[in-house]
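Student: Could we go through this structure together, taking one question at a time and reasoning each answer through?

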Amino acid sequence: MNNGLSDSCRGWKAMAISMSTRSRDRVKAVRDLEWVMSSPHLLSSEGDVFLPPAMCLHILDDPVTIAWLEGLHVDPTPLHTFLGQQLRRIDKTSLDLGVYFTSLVEYWLRACPALCIDRLEVAASSAQLKFVFRCNESPWLSIAPCHSIHMHWEVSVKFFLLCEPTTTTTTTSSFINLGLTAGGETLASRIAKMQRKVRMCTENVSVSRWLSAHFEWTQANVVLQSHILLRGYLYYPLALLASTTSAFSSTHVELPSTINADHLRGWWSSDVEADLIRTTPPSSRFAILPKIFWLSKVSSAPSNDDDHTQHIVGSPGVPSLPLLSRADVVAACLAHFSSSPTAKPLVVAELRESEHATTFVEVSRGAVVNPNTWQPPPPPTTQLSLALGDDGISYSVVKAEVARVLMHRKGRYLVQCLVVLVELEDGNLFRIGQLMLDARGLVHVDDDDDDGGIDHVMATIIPDKTKWWSVRFLLKAKHVLGGAIASSPRHDQDNVIRDDAVACQILSTLLDGRDGGAAAEAFGRTQRWDVASRRSSQLTHVYVNHPHTSAKAARRHLPATSSQIPTHDIADHAHQLSLVQATLDTPLTVHLVETSSQIDTMLTWMDRATNDKTMVVVGLDCEWRPRAFTTNPTCVDGHNDDLYDLGVTVVQLAFPNGHVFVLDCMATCVTVPAVFDRLCRPWIVVTGFCVSGDLDRLVGSYPALARTFQSPHWTCIDLRRVAMSRVRRLAGVGLASLAFTFLNHTMPKHQQCSDWAARPLTAAQVEYAALDAHIVRVLLLYFTADLNEPSI
């Protein structure tokens, strides 16, 4: 048990108190930065996995660091600018707490003069390692005596509530995430998750390869130090405390040794009115803290008005907070929870007058939860824990138990269960449905008649395009239930949708949901059943012409439908080519973008080239590492942990006059969202070949782009669909085929399957990438050159 403080913890506590006092009057962002650097771990430093307090203390005590922080308080512009850049990168109006905390850690590593960071990678590799960096002229020589140190940090800020204070043994599973946003995440599960990330650096071969490629070292000659940095608060039940401030003294709860004895403590309450009246003096003031205020302690300042009121000062983009009396904060909490049954918990700071009675300073902090809905999930029972082992629930054990239940039920029982799960519209319940379908394969059931239940439910939900996942799930159910009686001559007919209109709607819904795999499977199954009928060509028409169907899939089925595609035929292809020949022959000026100065130059160039509001066509193409180069080419349960299945690695954009920019997305300074923000203008048309796949990859790599691509000012055209609408019969719909057929241009494809994750990019790769984007642009101009509206 955790009964005392080590020397390093005592030093940490003294430093934290010193910095807290010194930073009380700091600018908010600087105060939060100091909190990130100086607040104690939630976890003890036993073992090597947690960042040793001595490493931070050494940096914090450095006069250079102290002077740096003082300078930031005088002029916080560099810090505010960096945080603003983070906002633009994720395309949000405000930083959520996790991003804010991570951004402060990143600024600490990048800007603190006491650190000598030679190379820093953020969210590195497909495993999303939080920070990987190399220190030259190490500031930790006395702690780790070597010239340079390679470090991997997993950082997180979390807030947990102790929900079992009366049990005989308190464990890390007794602390529940304040937000309950992770389905009842516990401190134990958070620790396990971070430890898995730490182990990746030594146990995952592909991660080690990525690190070797980016830091030019091998496991044989460099030791990578991996550490966990977990900041935050642990909140204890106020009902068991004599006062709010006693939460900061030693609690009466025996804590496991893994929890730092000096961690930040607070209180929590589900009966805020009774608890605050009992535990706080009437003179206390309170503030309800938005998440952006959850880090450092707060203090008040006089308002500029003449009413002598006090408020908590915000920062650029963050408004100030009023101070409330005890009665006011209770009323505000009750109103908040009565407004919605799903109202989230509130964090409240208690402030009391300072020594000089001019301001109020924070003396305690707590969480207020909804008394009507607060039901933290119970911890696993001892028996269940023994049955499941340390790694959590064994899927095979649970599946076997479900199969045992289904063995004694008719097939119709399973169908009724699946229908109920779909009608409840709870995404988490689909996991139960998948489990039941998997278990169904372990047993033999004579009667699998679904009584039309699945077809009926599917017919009611397919008009709603947002329920594509339900459609996918029900299709799988039909296939599984049909496969259980595969020996029946009716098998092939029983697990397909008979109605023509419904079948076409289902296919369209799956493709709208970008579920190409399920769509291809459903389409192929229907084709096998109805290969000679009129319906076959109708479905093929829907499948081939949908913008989310891949070029490869469309090419396989194109001959069956090319005659049915509505076209506006090009009358004279020779004349059409003459209209774009000059553009095709323009020498390319290729700009490789892989540094911060180069990205700034590109953005400035784009502003100049596109700000006159004349129509501009931009060719887009993306590259990623082919699966042939991965070490794990197969997926398990839809997941692939391989290092290089990480989305887009190169983006190329072709502009007028032969200018092509090739962006190295593996360079962390290349801010791809900022580039696409400048393309989101009404007079700019972006085109790509089967471009929906590229856009999906981009959103997967940069989630902020989802908003950009949904903007009414974003215009993007799929070149393949334009080609199919302008030419009645195409010999092929691949990009190289279109270029050869209509531009008399042969595209070299020898770099197509090269390793696009290897760095540096070769000259041949850069040339190939630039040409692809340029040809896409020229082809769109070719297919639209004779139209009255060039913007199509």
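Student: Is Arg 365 buried or exposed, and at what relative accessibility?

Tutor: The model is a predicted one, and the values here are computed from it. Arg 365 takes part in a salt bridge with Glu 362, where the closest N and O atoms are 2.9 Å apart, and Glu 362 is itself buried with a relative accessible area of 7%. Because buried means under 20% relative accessible area, Arg 365 also counts as buried, its relative accessibility being 0%.

Student: Which residues are joined into one network by salt bridges that share partners?

Tutor: By the rule applied here, the count of salt bridges comes to 8. Where such bridges share partners, they link up into one network, and its members are Asp 607, Arg 678 and Arg 681.

Student: What separates Glu 106 and Arg 110 along helix H6?

Tutor: These two side chains form a salt bridge, with 2.7 Å between the closest N and O atoms of Glu 106 and Arg 110. Glu 106 is buried, at a relative accessible area of 8%, whereas Arg 110 is partly exposed, at 42%. Because Glu 106 and Arg 110 are 4 residues apart in helix H6, what separates them is about one helical turn.

Student: In the salt bridge of Arg 278 and Asp 275, which relative accessibility does Asp 275 have?

Tutor: The side chains of Arg 278 and Asp 275 meet at 3.7 Å, N to O, and both residues lie in helix H9 (residues 272–279), 3 residues apart. Arg 278 is partly exposed, with a relative accessible area of 42%. Asp 275, by contrast, counts as buried, and its relative accessibility is 9%.

Student: Which helix gives the most to the largest nonpolar core?

Tutor: The largest nonpolar core has 63 residues, and those with the most contacts inside it include Leu 33, Leu 79 and Trp 108. Leaving aside neighbours within four places in sequence, Leu 33 is in contact with residues including Leu 72, Leu 79, Leu 104, Tyr 107 and Trp 108. The helix that gives the most to this core, with 8 residues, spans residues 97–111 and is H6.

Student: How many residues are in the other core, the one that includes Trp 714?

Tutor: In soluble globular proteins, nonpolar side chains tend to be buried together. Apart from the largest core lies another, which has Leu 603, Phe 655, Cys 665 and Trp 714 among its members, and its size is 35 residues.

Notes:
Residues are numbered from 1 along each chain as its sequence is written. This is a predicted model: local features need pLDDT of at least 70, side-chain atom pairs count only at pLDDT 80 or more; totals for chains, interfaces and linings use all residues. Side-chain values use heavy atoms; hydrogens and water are left out. A nonpolar core is a set of buried Ala, Val, Leu, Ile, Met, Phe, Trp, Tyr and Cys residues joined through side-chain atoms within 4.5 Å. Buried means under 20% relative accessible area, exposed over 50%, partly exposed in between (1.4 Å probe, protein chains only). Helices (H or I, at least four residues) and strands (E, at least two) are DSSP runs, numbered from the N terminus. Contact means heavy atoms within 4.5 Å. A salt bridge is a side-chain nitrogen of Lys or Arg within 4 Å of a carboxyl oxygen of Asp or Glu.
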